[in-house]
Structures are given as C-alpha cells and as structure tokens.
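Hello,

Here is the structure I promised to hand over. Please open it and keep it beside you while you read my notes.

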Amino acid sequence: MPVAKIAPSLLSGDFANLASECQRMLDLGADYLHMDVMDGHFVPNLTIGAPVIQSLRRHTDAFLDCHLMVSDPERWVEDFAKAGASLYMFHYEATENHLSLIHKIHELGMKAGISLKPKTPVDVLLPLAKHLDMVLIMTVEPGFGGQKFMVDCLPKVSTLRKAFPDLDIEVDGGVDLTNIDQATAAGANVIVAGTSIFKAESPRKVIEIFRQSVNA
Ligand code: DX5
Ligand code: ZN
C-alpha cells in the first residue's frame, strides 16, 4: 500500500481563521490539507473558491488537496492552478471530458484526481486510473460534513486497490475511529476527515490512529 496521508477537511474548521487552522492541523501531524470547494449547484451547499486558496497559499507551503464539488469543473482549472492548488480533484459525474481535463490539469502543473459519488460504479475509473495521481471514493453524498459513513462504498476501494496497488486512494465522508480500520483494510491510504478530527478531544491522537491503521 502506498504511504499514508492524513488530510483533515477544513470544512470542519473555523473559516474565519483559515490559515491558523491549517497550521494547527499541520502541527498536529496532518500531511495534506483537504479543501472542499462547493458551488451550490453540483451539491446543495456553497463554500470557497480559488481566491481563498490563493490567500491561503501565501501562508503555507502545504499540499492543498482541492476537492471540487462543482458543475463544469473545466471552468475553474486555470484559476486553481494560478491560486496554488496542489491537486485538482473533480467529480466524474460533473463532466464528460475526463481525459482532456486530466491532461489540462497536468499541463498547468497540478496533480489530477477524480472523485466518485456513492452511487457511481467504480468501473468508470478503471480506464482512467492510470492517468490519475489520486482517486477519491466518497463515503457520504457530497455536500456536508458530519454525515454517516456509508460502508457499502468500500467494495469500490477494494476493487481499485486490487487493480492498482500503487495508486493513492482517498476516502472522504464520515470517517472516524469506529470505521477507519474497515476503510484501510479495503485499501484506502489517503484519509480525509472533518468532524472526527476537529471535534476530537485530541486531534493529534486521531491523526496518529488513522496513520497507524493505514500502516497496519
Ligand atoms: C463532504 C466533504 C467532506 C467533508 C467531510 O462533501 O467532501 O470533505 O468535509 O466531513 P466529515 O469527515 O465530517 O464527514
Ligand atoms: Zn471533501
């Protein structure tokens, strides 16, 4: 399994103190910062866009794992590259031009990822995965933090892990101490968590346990 990367979702942080929240997570052991971008159209919620990523980039060199829950993801790719996004993760369901968008993202110097909503079958990723730096299997319907983990999404992780032993496979949505071992046993090595890290008494401990679970 590729190396563990723990990526707290800043959606559960204090957006009014974003730079210090990011630094706090890095100090507590986070590898990546997971930034949830929502457009109020692809998902029924609205968060941040490229200007916020650009401001944040002035405060940190960290890997910014940008999860674009937007319709028409082609529209924002240049803005996010200029803003300093490290990885541009778009949704399979949001476009028909997957391969050309992947190439565009790479041309602009970012890493490329595709995310699947819970109802989208994993087969669609099989021909695309070799072009991708990361895939994301959602374990909730995208749009909000604090939802319940959907364990029935994990067979998609197992299928991908069997086919692509070196691929970074991310899980996102409802991941906590009660289900992390199931997610990592299926083959996930990039762990996104909002509620379970930010609301924990010891976020450092939670990050550590997630890492141990990937490495077990
Ligand atoms: C949901 C977002 C997630 C969310 C996870 O659509 O993609 O990144 O912040 O939050 P929790 O861990 O609370 O489910
Ligand atoms: Zn996310």
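**The annotated sites**

Asp36 sits in strand β2. Before going further, note that this is a predicted model.

Asp36 is buried, because 24 C-beta neighbours lie inside 10 Å and 20 are enough for that label. Leaving out residues up to four places away in sequence, Asp36 touches Ser9, Leu11, Thr47, His67 and Met69.

Asp172 is in strand β7. Asp172 has 25 other C-beta atoms within 10 Å, so Asp172 is buried. With residues up to four places away in sequence again set aside, Asp172 touches His67, Leu136, Met138, Thr139 and Val192. His67 is thus on the contact list of Asp36 and on that of Asp172.

An unreviewed UniProt entry annotates Asp36 and Asp172 as "active site". They are spread over 137 residues of sequence, but they cluster in space, with a largest C-alpha distance of 10.6 Å.

The unreviewed UniProt entry also carries the annotation "binding site", which covers His34, Asp36, His67 and Asp172. These residues span 139 residues in sequence, yet no two of their C-alpha atoms are more than 10.6 Å apart, so they gather at one spot.

**Around ligand 1**

Which residues come nearest to ligand 1? They are Ser9, Leu11, Gly145, Gly194 and Thr195, out of 22 residues around the ligand. Ser9 and Leu11 are also among the residues that Asp36 touches.

Three elements each supply at least two residues of this shell: β2 (32-38), β8 (190-193) and α7 (195-198). β2 is the strand that holds Asp36. By class, the shell has 13 polar, seven nonpolar and two charged residues.

**Strand β6 and its partners**

Strand β6 covers residues 134-138. Five of its five residues are buried, so β6 is largely enclosed by the rest of the structure. Its side chains split into two sets: Met134, Leu136 and Met138 point one way, and Val135 and Ile137 point the other way. Leu136 and Met138 also appear among the contacts of Asp172.

Which strands pair with β6? Strand β5 (residues 111-116) runs parallel to β6, and four bridges join them. Ser115 has Leu136 in β6 as its bridge partner. Strand β7 (residues 168-172) also pairs with β6 in the parallel sense, over five bridges. There, Ile137 stands opposite Val171 in β7. Between β6 and β7 the chain passes through helix α5 (residues 154-163), and this β-α-β crossover is right-handed.

**One loop residue**

Asn189 lies in the loop between α6 (180-186) and β8. Is Asn189 buried or exposed? Asn189 counts as buried, because 23 C-beta neighbours lie inside 10 Å.

Beyond its neighbours within four places in sequence, Asn189 is in contact with Met1, Pro2, Val3, Ala4, Lys5, Asp168, Ile169 and Val214. Asp168 and Ile169 fall in β7, which covers residues 168-172.

For contrast with the active-site pair, take Asn189 and Val52. They are 137 residues apart along the chain, and their C-alpha atoms are separated by 27 Å. Asp36 and Asp172 are spread over 137 residues too, with a largest C-alpha distance of 10.6 Å.

Best wishes

How values were computed:
Residues are numbered from 1 along each chain as its sequence is written. Chains are lettered from A and ligands numbered from 1 in the order in which they are written. This is a predicted model: local features need pLDDT of at least 70, side-chain atom pairs count only at pLDDT 80 or more; totals for chains, interfaces and linings use all residues. A residue is near a molecule or strand if its C-beta atom, placed from the backbone, lies within 6 Å of it. Ala, Val, Leu, Ile, Met, Phe, Trp, Tyr, Cys and Pro count as nonpolar, Asp, Glu, Lys and Arg as charged, and the others, Gly among them, as polar. A residue is buried if 20 or more other C-beta atoms lie within 10 Å of its own, exposed if 12 or fewer, and partly exposed in between; C-beta atoms are placed from the backbone. Two strands pair if DSSP finds at least two bridges between them. A crossover is right-handed if, with the strands pointing away from the viewer, the path from the first strand over the helix to the second runs clockwise. UniProt positions are given in the numbering used here, feature names are shortened, and annotations may be inferred rather than shown by experiment. Two residues are in contact if their C-beta atoms, placed from the backbone, lie within 7 Å.
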